[in-house]
Amino acid sequence: MSGLPGTVPHRLTGRRVEPAGPLDLSGTGRATAEAVRFLRECQGLGLGVSWRAAGAPAYDPGLLSHLPPPAAPAAGHDGWAAWRTGHAHGTLYHRRGPDFVTVLDRRERGAAVRLTLDHPALHATFLRLLEPTPVDALDADGREALGLLAAERLVLACGGWAVTLPPRIRRWPVPCTAI
């Protein structure tokens, strides 16, 4: 078991992953949320992933700059090149504690933000959205929390679906003793 979601067909060879086809990042529904979850989990497990993008995003592609960039960009969209040049491992991730989540966000050059999500609705919604979820399935507190998490750029909400963006890093690319 690789620990990767089975909703995106893929081939795992050692520490490399290759999806069977292009990942839909258009933002038009569940396929985008599943693609983002797949990339997030690859990042968290320290897996190299070679993938192609399909669709021009209907959202700010900078939201995904912490995830592995596409090897082959979708035609007609300039945001992919900035993603490829600006990507660095560990620029956005979360850690979990009892009844809280801490998020480190360094996606913006020269700025680092550390957030602690300890409000019950924020914490619960962040964890629930680790699985792509229809926005309509959230209760009033969940939708309010979704709005706050989206405003902080911690959740991608588009096409009626929402998914948490920061991975839980389980494997860093270098040993901690090498830093």
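This report walks through two sheets, a helix, a pocket and a few single residues of a predicted model.

Residues are numbered from 1 along each chain as its sequence is written. Because the model is predicted, local features need pLDDT of at least 70 and side-chain atom pairs count only at pLDDT 80 or more, while totals for chains, interfaces and linings use all residues; side-chain values use heavy atoms, with hydrogens and water left out.

## The sheet of β6, β7 and β8

Helices (H or I, at least four residues) and strands (E, at least two) are DSSP runs, numbered from the N terminus. Two strands pair if DSSP finds at least two bridges between them. Strands of a sheet pair through backbone hydrogen bonds, either parallel or antiparallel.

One open sheet holds three strands in the order β6-β7-β8, and the pairing is antiparallel. Its edge strands are β6 (92-97) and β8 (113-117), each of which pairs on one side only. On average, neighbouring strands here are turned by 15 degrees against each other, direction ignored. Axes for such angles are lines fitted to C-alpha atoms, for helices over the stretch in contact, and angles run from 0 to 180 degrees between N-to-C directions.

Six bridges link β6 and β7. Five bridges join β7 (residues 100-105) to β8. V101 has a partner in each neighbour: R96 stands opposite V101 in β7, and V101 stands opposite L117 in β8. How many residues of β7 are buried? Five of its six are, so the strand is mostly covered. Buried means under 20% relative accessible area, exposed over 50%, and partly exposed in between, with a 1.4 Å probe and protein chains only.

β6 and β7 also form a hairpin, with two residues between them. D99 sits in this turn. Its phi is near 65 degrees, a positive value in a residue other than glycine. D99 counts as exposed, because its relative accessibility is 63%.

## Helix α3 on the sheet

Helix α3 (residues 120-128) packs on this sheet and touches β6, β7 and β8. Contact means heavy atoms within 4.5 Å. The direction of α3 makes about 70 degrees with that of β7. Which residues of α3 are buried? They are A121, L122, H123, T125 and F126. Their cover includes β6, β7, β8, α4 (140-151) and β11 (161-164).

## Just after α3

P132 lies in the loop between α3 and β9 (133-134). T133 lies in strand β9. Leaving aside neighbours within four places in sequence, P132 is in contact with A33, E34, R37, W161, A162 and V163. The C-alpha atoms of P132 and A35 are 97 residues apart along the chain and separated by 9.6 Å. T133 touches R128, L138, G160, W161 and A162, again not counting residues up to four places away.

Further along, R153 is found in the loop between α4 and β10 (155-158). Phi of R153 is near 65 degrees, a positive value in a residue other than glycine.

The table sets out accessibility for four residues.

| Residue | Relative accessible area | Class |
|---|---|---|
| P132 | 11% | buried |
| T133 | 6% | buried |
| D99 | 63% | exposed |
| R153 | 26% | partly exposed |

## The sheet of β1, β2 and β4

Another open sheet has three strands in the order β1-β2-β4, and its pairing is mixed. β1 and β4 (48-49) stand at the edges with a single partner strand each, so one side of each is left without a neighbour in the sheet.

β1 (residues 10-13) and β2 (residues 16-19) pair in the antiparallel sense over four bridges. β2 and β4 pair in the parallel sense over two bridges. V17 appears in both pairings: L12 stands opposite V17 in β2, and V17 stands opposite V49 in β4. β1 and β2 form a hairpin with two residues between the strands, where G14 takes a positive phi near 65 degrees.

## The largest pocket

Rolling a probe the size of a water molecule over the atoms shows where empty space is left. On a 1 Å grid over the protein atoms alone, a cavity is a set of points where a 1.4 Å probe fits but cannot get out; a pocket is an open set with protein on both sides within 12 Å along at least five of seven lines, and lining residues have an atom within 4 Å of a point.

The largest pocket has a volume of about 340 Å³. That volume is the space filled by probe spheres set on the points, with grid points joined across faces, edges and corners. The pocket is lined by 15 residues. Which of them lie nearest its centre? S65, G86, R107, E108 and R109 do. The lining divides into four nonpolar, six polar and five charged residues. Ala, Val, Leu, Ile, Met, Phe, Trp, Tyr, Cys and Pro count as nonpolar, Asp, Glu, Lys and Arg as charged, and the others, Gly among them, as polar.
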